Amino acid sequence: MIRIVGLGPEGPEGMSVAARDALRAATTITGRTEQRPGRLILRTARHPAAEFLAHEGIAYSTCDDLYESMPDFAAVYGAIADRIMAMAETGDVTYAVPGHPSVAEETVRLISDRARSAGIPVEIIGSASFIEPALAAANVSLGEPLLLVDALALAGMDTATASTSFASMTDAALLVYQVYDADIASAVKLALLETRPDDLEVIVVWSAGVSGAQEAERIPLHKLDRVRPDHLTSVYVPAVPEDRRVRGFADLVRVMARLRGEGGCPWDRQQTHQTLRKWLLEECYEAVEAIDHDDLAALCDELGDVLLQIVFHAQVASESGAFAIADVLEAIVTKLIRRHPHVFGEGQAETPDAVVRTWEAIKRAERPDRPEAQSALDGVPTALPALARAQKLSSRAAKVGFDWPDAHAVLDKIAEEYAEIRSALDSGDEEAVKREIGDLLFAAVNLARWVNADAEEALHEMLVRFTARFRAMEARLDAGRSMETMTIGELDELWESVKRDEVAGSP
């Protein structure tokens with residue numbers, strides 16, 4: 001059997017009677033007393049209870065050697081679990097941890113999981129945890145939820161993670177434990193500052209529950225990295241007042257539900273997926289425009305508008321029971337993990353091309369019961385811009401062998417279509433001209449594909465050049481003169497002048 005005993009937050013005063021009895025029993029054989037060093041294992045001797053054990057003559061060993069030899073805490077905890085499991089194979093073992101075994105003890109979780117798999121019974125014998133004395137030392141009375149947070153978890157978060165994880169739950173108080181050195185304190189501060197004001201008052205607690213050693217100090221969050229932490233330091237972070245909270249994704253979902261609910265906005269309540277369609281497209285195009293202009297402030301704003309449309313559609317769908325925003329998030333996160341086995345699994349994909357091949361193969365495997373496509377062109381959205389859709393369709397056709405042998409053959413096709421347009425123009429057949437222009441554009445898109453150019457981007461860049469040149473022409477007009485009064489020859493000369501100066505780098 002493995003007995004896991006809580007040592008409480010201090011010496012014997014914080015231990016339960018059952019815990020003290022279990023510690024004594026760990027070195028007792030029925031009928032006589034015999035010291036058995038090694039059958040009682042402390043996670044660490046850096047705890048006030050170690051002095052009590054020595055005074056009582058209770059022999060023990062510790063895992064402090066692992067802290068000194070392992071590269072990180074994850075490795076230490078795994079090694080501790082290995083040690084306890086190895087000892088349990090030869091007889092009963094008692095493992096003692098600070099506080100309560102079921103509160104903020106990763107080693108206990110690891111040992112319990114492994115013992116369950118091995119069929120070894122585990123008995124948990126509790127004592128007081130650090131939570132009650134820490135809150136008492138901070139002199140706080142909880143009026144909101146409390147989250148227990150490992151400082152190491154906060155320290156491992158990057159900016160994006162901190163602003164979207166439990167650290168962003170500013171309507172709950174946090175009790176952050178294992179703030180054991182200045183580096184961890186600094187990392188905790190930076191993670192919390194992503195979603196909390198820098199002057200938020202937090203309470204640092206040292207040696208919670210330890211008589212004569214307990215201390216507490218209120219400081220602004222931005223000074224957290226200036227404290228003198230040790231292995232018994234924790235930090236109480238209060239909930240942020242509502243008027244000072246950083247708005248998050250949950251707030252957007254809540255506001256959207258309010259706008260659609262009883263007494264909400266008449267316009268929002270009237271919308272459907274169909275009426276919102278054009279707004280989704282428009283907001284996406286505006287985000288793309290911000291990208292094209294390298295305007296990151298505008299991109300931030302436009303991405304918010306795109307996100308609003310996603311939440312809007314999810315809210316409309318939830319009202320009919322079709323799906324909710326949680327389903328959207330679950331689906332995309334699951335899909336990303338499943339389609340990136342080279343990141344989240346054992347797969348291999350060393351190049352972008354290999355990633356694309358893996359992605360496509362997984363997509364096909366995801367839908368084994370889907371009816372076979374009737375055409376190689378199935379699955380290309382009809383709502384795509386015409387040039388983008390043309391390039392996707394031509395790529396699909398090329399994959400099954402319907403293609404020109406090389407780019408020069410496509411050029412010949414363009415020349416053929418050009419001749420057919422001239423013939424249609426000469427005949428006065430406007431419908432034929434329209435059809436032939438479509439054929440010419442499609443041939444041009446195929447040429448773009450052959451030279452690895454994106455037709456949509458190529459036309460977009462051309463329009464940017466055209467707009468800049470046309471405005472330059474307007475700027476060069478003599479005072480009182482307009483383009484309407486100029487001949488086509490004059491306009492052509494002005495255009496060519498702008499192009500020449502553009503190449504030469506003139507304004």
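Colleague: Which strands make up the open sheet of five strands, and in what order do they lie?

Modeller: In this predicted model, the order across the open sheet is E8-E9-E12-E10-E11, and the pairing is mixed.

Colleague: What makes E8 and E11 the edge strands?

Modeller: Strand E8 (146–150) and strand E11 (215–220) each pair on one side only, and they are the edge strands of the sheet. Direction ignored, neighbouring strands are turned by 20° against each other on average.

Colleague: How do you know that E10 and E11 pair, and in which sense?

Modeller: Pairing requires at least two bridges between the strands. Strand E10 (residues 201–206) is joined to E11 by six bridges, in the antiparallel sense, and one residue pair can be named, since Val-202 has Ile-219 in E11 as its bridge partner.

Colleague: Which helix packs on this sheet, and which strands does it touch?

Modeller: Helix H6 (residues 131–138) packs there, touching E8, strand E9 (173–177), E10, E11 and strand E12 (233–237), and its direction makes about 125° with that of E10.

Colleague: Why is Asn-139, in the loop between H6 and E8, called exposed?

Modeller: The relative accessible area of Asn-139 is 63%, and exposed means over 50%, so Asn-139 is classed as exposed. Its phi is near 55°, a positive value in a residue other than glycine.

Colleague: Why is Ala-104 called partly exposed?

Modeller: Partly exposed lies between the limits of under 20% for buried and over 50% for exposed, and Ala-104, with a relative accessible area of 28%, therefore belongs to that class. Ala-104 is found in the loop between strand E6 (93–97) and H5, and phi of Ala-104 is near 60°, which is again a positive value in a residue other than glycine.

Colleague: Why can E6 be described as largely enclosed by the rest of the structure?

Modeller: Five of the five residues of E6 are buried, so the description applies. Both faces are covered, with Val-93, Tyr-95 and Val-97 buried on one side and Thr-94 and Ala-96 buried on the other. In a regular strand the side chains alternate between the two faces of the sheet.

Colleague: Which strands pair with E6 in the parallel sense?

Modeller: Strand E1 (residues 2–6) pairs with E6 in the parallel sense over five bridges, the bridge partner of Ile-2 being Val-93 in E6. E4 also runs parallel to E6, joined by three bridges, and there Leu-42 stands opposite Ala-96.

Colleague: Why is Ile-41, in strand E4 (residues 40–42), called buried?

Modeller: Buried means under 20% relative accessible area, and Ile-41 has 1%, so Ile-41 falls in the buried class. Leaving aside neighbours within four places in sequence, Ile-41 is in contact with Ser-61, Cys-63, Ile-84, Met-87, Val-93, Thr-94, Tyr-95 and Ala-96.

Colleague: What makes up the lining of the second largest pocket?

Modeller: The second largest pocket, with a volume of about 850 Å³, is lined by 34 residues, of which Arg-43, Pro-98, Glu-105, Gln-178 and His-231 lie nearest its centre. By class, the lining has 15 nonpolar, twelve polar and seven charged residues. Helix H3 (64–69), helix H4 (73–88), helix H5 (106–118), helix H7 (151–155) and E12 each supply at least two residues of that lining, and H5 gives the largest share, three residues.

Key:
Residues are numbered from 1 along each chain as its sequence is written. This is a predicted model: local features need pLDDT of at least 70, side-chain atom pairs count only at pLDDT 80 or more; totals for chains, interfaces and linings use all residues. Side-chain values use heavy atoms; hydrogens and water are left out. Helices (H or I, at least four residues) and strands (E, at least two) are DSSP runs, numbered from the N terminus. Axes are lines fitted to C-alpha atoms, for helices over the stretch in contact, and angles run from 0 to 180 degrees between N-to-C directions. Contact means heavy atoms within 4.5 Å. On a 1 Å grid over the protein atoms alone, a cavity is a set of points where a 1.4 Å probe fits but cannot get out, and a pocket is an open set with protein on both sides within 12 Å along at least five of seven lines; lining residues have an atom within 4 Å of a point. Grid points are joined across faces, edges and corners, and a volume is the space filled by probe spheres set on the points. Ala, Val, Leu, Ile, Met, Phe, Trp, Tyr, Cys and Pro count as nonpolar, Asp, Glu, Lys and Arg as charged, and the others, Gly among them, as polar. Buried means under 20% relative accessible area, exposed over 50%, partly exposed in between (1.4 Å probe, protein chains only).
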